[in-house]
Each structure stands twice: as C-alpha cells, then as structure tokens.
Amino acid sequence: EDNGSGKLHIPYLYYFMEDYVDELRKQAIGGVIKYIKLGNIADAMIELPSIDNQKFIVDILGKVKEILDKRNAEISALDALIKARFVEMFGDPVMNEKDWPTKPLLDMGQCKNGMNFHYDDEGVEINCLGVGDFKDFSVINNTDKLPKISLKEMPSEEYLLKDDDIVFVRSNGNKALVGRSIAVYPGDISTTFSGFCIRYRKHDNEITVPYLLRVLKADSMRVKMTGRGANIQNLNQQILRTLVIPVPPIQLQNQFADFVHQVDKSKVAVQKALDETKLLFDSLMQKYFG
C-alpha cells in the first residue's frame with residue numbers, strides 16, 4: 001500500500017458504513033417491513049484521505065470504541081454482582097430453598113392497568129412512562145425526562161405514579177419485554193403510564209421495594225409471569241395473582257437494599273463516563289464522516 005488516496009482501508013469503510021446507516025434508514029421504503037434498494041448503498045460517496053490518514057482515523061476510533069466496550073462491560077459486571085448477592089442472601093425466589101415465609105404478590109399491594117389515550121387529545125401535557133422507556137433500567141428517578149403526552153384533562157389520582165411504585169410491561173410485540181419491571185420515583189412531577197403497562201403499588205410494610213424488584217426480575221419469576229409458550233405476549237392481573245413472594249426478615253431486605261444502593265452509585269459514575277465517551281465518539285464520527 002502506498003500513501004496515495006484512492007485506496008481503501010477496509011476498517012475505514014466499516015466506520016463509514018456505521019455512520020451511513022442513519023442515512024440509509026431515512027431512505028428505507030415499504031410498509032411494516034422496511035427495506036433499502038441496493039442502489040442506496042452503491043450510490044454512497046465516500047471521501048478517501050490517504051491510506052495513512054485512514055489508518056490514523058481507524059486507530060483513534062478503535063481506541064474510543066474499546067473504552068466504550070469496557071464501560072459497558074463494567075455496567076454488566078455491576079448488574080451481575082447484584083444478582084449474585086441476591087441469590088447468596090435469599091436463594092431462588094420460585095424454589096424458595098431457604099424456606100422463607102411467603103405471601104401472594106396481590107395480598108401485599110394492588111395493580112392498575114395504564115391509560116389508553118388518543119393522539120388528537122389536547123389540553124393537558126403530562127409525562128408518560130411507556131414500554132420504550134424501560135430499557136435495561138431497574139429504577140427511573142427523573143420522570144421529567146420521559147416523553148410527554150397530551151390529554152383532555154389531568155388523569156385521576158389512580159393513574160398518577162407515586163414513589164416506590166413498580167411498573168410492569170403488560171403487552172408488547174417483543175415477548176422478551178413482557179413482564180419486565182422497574183421502580184419509579186417521580187417525586188412531585190405528575191407522571192402517568194401507558195396502557196401497555198401495569199402499575200403495582202405495595203401497602204405491606206414487611207416487604208421493601210428494592211428486594212421485591214429483584215424478586216420480580218429473577219429469571220424463574222419472569223418465566224412464571226410470561227410462561228414458556230411462544231404465543232403469550234400479555235401479562236395480566238390474573239397472572240400476577242398467581243405470583244407468591246418469599247418474605248425474608250426486614251433487616252436482611254434492608255441490608256440488601258443498602259448493597260444495591262452502593263452498587264447503583266458506582267453504576268451512575270460508570271454511566272456518566274460512558275455517556276461522555278459516547279459523545280466523544282459521536283463527535284469524532286461527525287468530524288471524519290459527517
């Protein structure tokens with residue numbers, strides 16, 4: 001390879017295509033199944049600096065990508081740490097091999113299905129938690145950042161979320177999301193939840209939300225919620241009524257909550273660094289390919 005332009009370093013093409021994908025999405029056609037024409041790819045114009053420059057750009061982007069991968073791995077490791085600590089302290093919540101006393105989930109709190117709203121409603125703007133906001137979160141603290149919807153009037157009290165509420169994905173085309181749960185802390189920000197969700201509000205002081213949330217996130221409990229069949233894409237209150245929850249001593253639950261709180265503080269720090277690195281990566285991509 002000489003130093004002249006006109007030659008293409010394949011890893012450079014990889015980064016160019018990663019950037020160009022957004023452009024291709026805009027050009028996609030079709031109804032439910034979107035597709036792009038081969039010509040959309042063939043017509044892409046790629047700027048070719050010298051081979052040395054291409055290698056330099058690939059080297060820089062590769063280093064930033066490596067940092068991104070490490071930060072993501074750190075977050076996964078911290079999540080795994082919470083799971084491992086839960087199993088060590090409490091065992092599997094469905095097998096309940098430690099013989100904790102148990103209570104049905106719906107004896108300890110009540111459920112409410114979310115709101116169905118119409119897109120032409122207007123009058124009141126309110127933040128709304130929808131299935132797309134769950135991602136891999138366990139907790140949502142700042143509901144002010146959630147999407148806003150317009151309603152004809154302010155929803156009644158039962159449709160507004162309160163601190164310590166747990167919200168489930170009730171229905172989704174992607175079965176893997178059904179039964180996913182998060183705890184919400186809206187504070188004094190009026191926040192409702194969509195009809196594809198179920199809200200659970202506990203009233204029993206023998207169970208804590210950080211502990212209960214991990215019970216509900218356990219793989220064995222998720223299987224009880226959604227079954228093994230390929231066709232079940234809905235969670236309902238009848239299914240939630242069948243869930244029986246081990247209730248260990250409150251001191252142990254609080255000990256676990258303290259552990260989760262400490263790990264979450266570390267996660268916040270790693271997430272901040274991850275977000276900053278992502279910004280750096282995006283601005284470099286813009287600089288080289290934008």
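This briefing describes salt bridges and one small group of paired strands in the structure above. The model is a predicted one, and every value given here was computed from it. Salt bridges in the model number 14, and three of these pairs are described below together with one network, after which the text turns to an open sheet of three strands.

**A salt bridge within helix α3**

- Glu-74 and Arg-71 form a salt bridge in which the closest N and O atoms are 3.5 Å apart.
- Both residues belong to helix α3, which covers residues 51–90, and because they are three residues apart there, about one helical turn separates them.
- Glu-74 is partly exposed, its relative accessible area being 33%, and Arg-71 is likewise partly exposed, with a relative accessibility of 26%.

**A salt bridge between helices α3 and α7**

- Asp-79 is joined to Lys-267 by a salt bridge whose closest N and O atoms lie 2.7 Å apart.
- This pair connects distant parts of the chain, since Asp-79 sits in helix α3 whereas Lys-267 sits in helix α7 (residues 250–289), and the two are 188 residues apart.
- Asp-79 is partly exposed at a relative accessible area of 26%, whereas Lys-267, with a relative accessibility of 16%, counts as buried, because the cut-off for a buried residue is under 20%.

**A salt bridge between a loop and a strand**

- The side chains of Glu-158 and Lys-112 come together in a salt bridge, with a distance of 3.6 Å from N to O.
- Glu-158 lies in the loop between β5 (148–151) and β6 (165–169), while Lys-112 lies in strand β2 (residues 109–113), so this salt bridge ties together parts of the chain that are 46 residues apart in sequence.
- Glu-158 counts as partly exposed, with 39% relative accessibility, and Lys-112 is also partly exposed, with a relative accessible area of 22%.

**A salt-bridge network**

- Lys-103, Asp-204 and Glu-206 are joined into one network by salt bridges that share partners.

**The three-stranded sheet**

- Three strands make up an open sheet in the order β5-β3-β8, and the pairing within this sheet is mixed.
- Strands β5 and β8 (191–193) are the edge strands, each of them pairing on one side only.
- From one strand to the next, the twist of this sheet averages 50°.
- Strand β3, made of residues 124–129, pairs with β5 in the antiparallel sense over four bridges.
- Glu-125 has Ser-150, in β5, as its bridge partner.

Note on methods: Residues numbered from 1 in each chain as written. Predicted model: local features only at pLDDT ≥ 70, side-chain atom pairs only at ≥ 80, totals over all residues. Heavy atoms only, no water. Salt bridge = Lys/Arg side-chain N within 4 Å of Asp/Glu carboxyl O. Buried < 20%, exposed > 50% of the residue type's maximum accessible area, 1.4 Å probe, protein only. Pairing = 2+ DSSP bridges. Axes fitted to C-alpha atoms, helices over the stretch in contact; angles between N-to-C directions.
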